[in-house]
Amino acid sequence: MVRAAVLPAVGAPLEITDITLPEPGPGQVRVRLAAAGVCHSDLSLSNGTMRVPVPAVLGHEGAGTVVSAGEGVTHVAPGDGVVLNWAPSCGSCHHCGIGEVWLCAGALAGAANIHARTADGTELHPGLNVAAFAEETVVAANCVLPAPDGIPLSDAALLGCAVLTGYGAVHHSARVRAGESVVVFGIGGVGLAVLQAARIAGASKIIAVDVSPEKEELARRAGATDYVTASDTTPREVRKLTGGQGADVAVECVGRAATIRGAWEATRRGGRTTVVGIGGKDQQVTFNALEIFHWGRTLTGCVYGNSDPARDLPVLAGHIRAGRFDLSMMVTERIALDGIPAAFDNMIAGRGGRALVVF
């Protein structure tokens, strides 16, 4: 029996309860969690913006230590530190075949599996494959990657989603070049990773935009050179800060129609707008045909930072060990499992960076 945060139904409050995990079968690994980040995607699962089978154990950004491994698992062993990979690639679908592993058609197939049971026998699904909001989890072997050496597992948890997403948005999707200007909308966990990645890319001006003026100090620590409190005039303010042109690159990390539209308008003519935030179907963004032609901007969706975790984790580890990327500064709150509902409330209210569940 282990403690876990269970979503009993879409829109229902999380329940912190005991669950029973099976022993790992062939091709499976049991992991004792060191920490798990509270991501906006977890909130989106709980309120139905994103759909997975329920009841489910939520949590997808985590790291821990292998407790045991089933038959056929060779890349990790008991005692090894690992980072959870919530979107493993199948290697055989069309997208995997052309190298777009972040768009793998089978990445979330495991979310329909039976993962565990409650004390009364209720079957539970694993949320986004890895069920990280629990003291321990059992996952498919391709859902774990060896943790980079020299990085505490509690910090390494952030590599599982926020950091790969934010770093990839800059380096793989927007492909920021040295000397370019970047504006980032939404300074939560992913936004903080985007700011640091833009600094690593050599951006000359990095503008952070958020509804909360209290986040300015945090944003500047992550690499922002300027800070704008979000309003209806944000695109105009961004243009003033960029010589009247707009930013070369805008990265939207909120997932709302208004901020996507604002990011587009804050982008210079011929620039790139990358949308990382996950919004609901009700968030309709409109453009007229003339402005698409006139502005010549590129609007791009970005899934998981267009990242390949096996390729990108070693690169990120190099930046972290060299002091270029700071994981611990992204964490503004360390909590227990029962603190997750309050972390959701803070996220909705736009408070703080990343909340981290520490076991």
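**Strands, crossovers and two buried residues**

Let me begin with a single pair of residues: in strand E7, the bridge partner of Thr20 is Arg117. I should say at once that this is a predicted model, and everything that follows is to be read in that light. That pair belongs to the pairing of strand E2, residues 15-20, with strand E7, residues 116-118, which is antiparallel and runs over 2 bridges.

Stepping back from that pair, E2 and E7 sit within an open sheet of 5 strands, whose order is E4-E1-E2-E7-E8 and whose pairing is antiparallel. Strand E4, at 56-57, and strand E8 are the edge strands, and because each has a single partner strand, one side of each is left without a neighbour in the sheet.

From E8 we can move along the chain to His125, which lies in the loop between strand E8 (123-124) and strand E9 (136-140). Is His125 buried or exposed? Its relative accessibility is 12%, and it therefore counts as buried, the cut-off being under 20%. A polar atom of the His125 side chain lies 2.9 Å from the backbone oxygen of Asn113. If we leave aside neighbours within four places in sequence, the contacts of His125 include Pro53, Val54, Pro55, Ala56 and Val57, and also Ala111, Ala112, Asn113, Ile114 and His115.

A second buried residue is Ser41, which is placed in helix H1, residues 40-47, and has a relative accessible area of 11%. Not counting residues up to four places away in sequence, Ser41 touches Met50, His60, Leu128 and Ile278.

Now let me turn to the parallel strands, and in particular to strand E12, residues 205-210, which is mostly covered, with 5 of its 6 residues buried. On one hand, E12 pairs in the parallel sense with strand E11, residues 181-185, over 5 bridges, and here Phe185 stands opposite Val209 in E12. The chain passes from E11 to E12 through helix H5, residues 189-201, and this β-α-β crossover is right-handed.

On the other hand, E12 is joined by 4 bridges to strand E13, residues 226-229, and these two strands also run parallel. Which residue in E13 does Val209 stand opposite? That residue is Val228, so to speak of Val209 is to speak of a residue that faces Phe185 as well as Val228. Here too there is a β-α-β unit, made of E12, helix H6 (residues 216-222) and E13, and it is right-handed.

Note on methods:
Residues numbered from 1 in each chain as written. Predicted model: local features only at pLDDT ≥ 70, side-chain atom pairs only at ≥ 80, totals over all residues. Heavy atoms only, no water. Buried < 20%, exposed > 50% of the residue type's maximum accessible area, 1.4 Å probe, protein only. Polar contact = N/O pair within 3.5 Å; in protein donor to acceptor, adjacent residues only side chain to side chain. Contact = heavy atoms within 4.5 Å. Pairing = 2+ DSSP bridges. Right-handed = clockwise from strand over helix to strand, strands pointing away.
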